[in-house]
Amino acid sequence: MMYATCWPKTGRPPEIPVALTAIDTLLEQTVADLKRFIAVIATERSTLISGDIDRLPAIAEEKSALATRIANLEAQRDAALGAAGFSAGRQGIDAWLAANPAPLSISRRTAWKLHLDLATEARRDNEINGK
């Protein structure tokens, strides 16, 4: 068996707990939605510049729906972190990342950094549009 040298106790890879898989999935979904949110903010900005105010209610509705979805995904991520034995929020993610094996940790750290960067960009761009 090819796993025998990597995992000598069982001869097979360890099971990944459902909570850890959920954290990965929720992080990916949040990143995707943050990208969509930023795209909607860009549309809002161009609409504001062009003066096409009739489009603003639909854009605001889409932005609100995405913001709600992102908040729900983050609440689910915090719950999954708790189920895996970690605290909620950034502190929990940092501990979760530290607990991951190196190969998994690199991609997860990249996803988390992207999440943080996109959240910062979304917050900044949204504030600019609100001025």
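R77, D78 and L81 of helix α2 meet G89, G92, I93 and W96 of helix α3, where contact means heavy atoms within 4.5 Å. Helices here are DSSP runs of H or I with at least four residues, strands are runs of E with at least two, and both are numbered from the N terminus. Sorted by class, this contact has three nonpolar, two polar and two charged residues. For that sorting, Ala, Val, Leu, Ile, Met, Phe, Trp, Tyr, Cys and Pro are nonpolar, Asp, Glu, Lys and Arg are charged, and the others, Gly among them, are polar.

How do the two helices sit against each other? Two packed helices are described by the angle between their axes and the distance between the axes. For α2 (residues 56-83) and α3 (residues 89-99), the angle is about 50° and the axes are 10 Å apart. That makes α2 oblique to α3; angles under 35 degrees would be roughly parallel, over 145 roughly antiparallel, and 65 to 115 roughly perpendicular, with the rest being oblique. The axes themselves are lines fitted to C-alpha atoms, for helices over the stretch in contact, and the angles run from 0 to 180 degrees between N-to-C directions. The crossing of α2 and α3 is left-handed, a label used if the near helix is turned anticlockwise from the far one by less than a right angle (clockwise would be right-handed).

All of this comes from a predicted model, in which local features need pLDDT of at least 70 and side-chain atom pairs count only at pLDDT 80 or more, while totals for chains, interfaces and linings use all residues. Residues are numbered from 1 along each chain as its sequence is written, and side-chain values use heavy atoms, with hydrogens and water left out.

Stepping back to the whole chain, there are four helices and zero strands, so to speak an α-α-α-α run from the N terminus on. Of the 131 residues, 31% count as buried, with buried meaning under 20% relative accessible area, exposed over 50%, and partly exposed in between (1.4 Å probe, protein chains only). Among contacts with a separation of 6 or more, 63% come from residues 24 or more positions apart.

Helix α2 deserves another look. Its 28 residues reach 40 Å from the first C-alpha to the last, close to the 40 Å expected at 1.5 Å a residue; the expected span is 1.5 Å times one less than the number of residues. The buried residues of α2 are I59, K63, L66, I70, L73, R77, A80 and L81. R77 and L81 also turn up in the contact with α3. After α2 comes G85, with a positive phi near 95°. L56, also in α2, touches E44, T47 and L48, leaving out residues up to four places away in sequence. The C-alpha atoms of L56 and T43 are separated by 9.5 Å, with their positions 13 residues apart along the chain.

Now for helix α1 (residues 18-50), which holds D33. Is D33 buried or exposed? At 1% relative accessibility, D33 counts as buried. Apart from neighbours within four places in sequence, D33 is in contact with L66, R69, I70 and L73. L66, I70 and L73 are on the buried list of α2 too. S46, another residue placed in α1, is partly exposed, with a relative accessible area of 39%.

Which residues does N129 touch, setting aside those up to four places away in sequence? The partners are I41, E44, R45 and L48. N129 itself belongs to helix α4 (residues 102-130) and is buried, with a relative accessible area of 11%. S46 and N129 are 83 residues apart in sequence, yet 9.7 Å apart in space, C-alpha to C-alpha. R124 is found in α4 as well and, at 44% relative accessibility, counts as partly exposed. From R124 to I38 the C-alpha distance is 10.0 Å, for a pair 86 residues apart in sequence.

Finally, back to helix α3, where A99 has its place. A99 counts as exposed, at 53% relative accessibility. A99 and F86 are 13 residues apart in sequence and 10.0 Å apart in space, again C-alpha to C-alpha.
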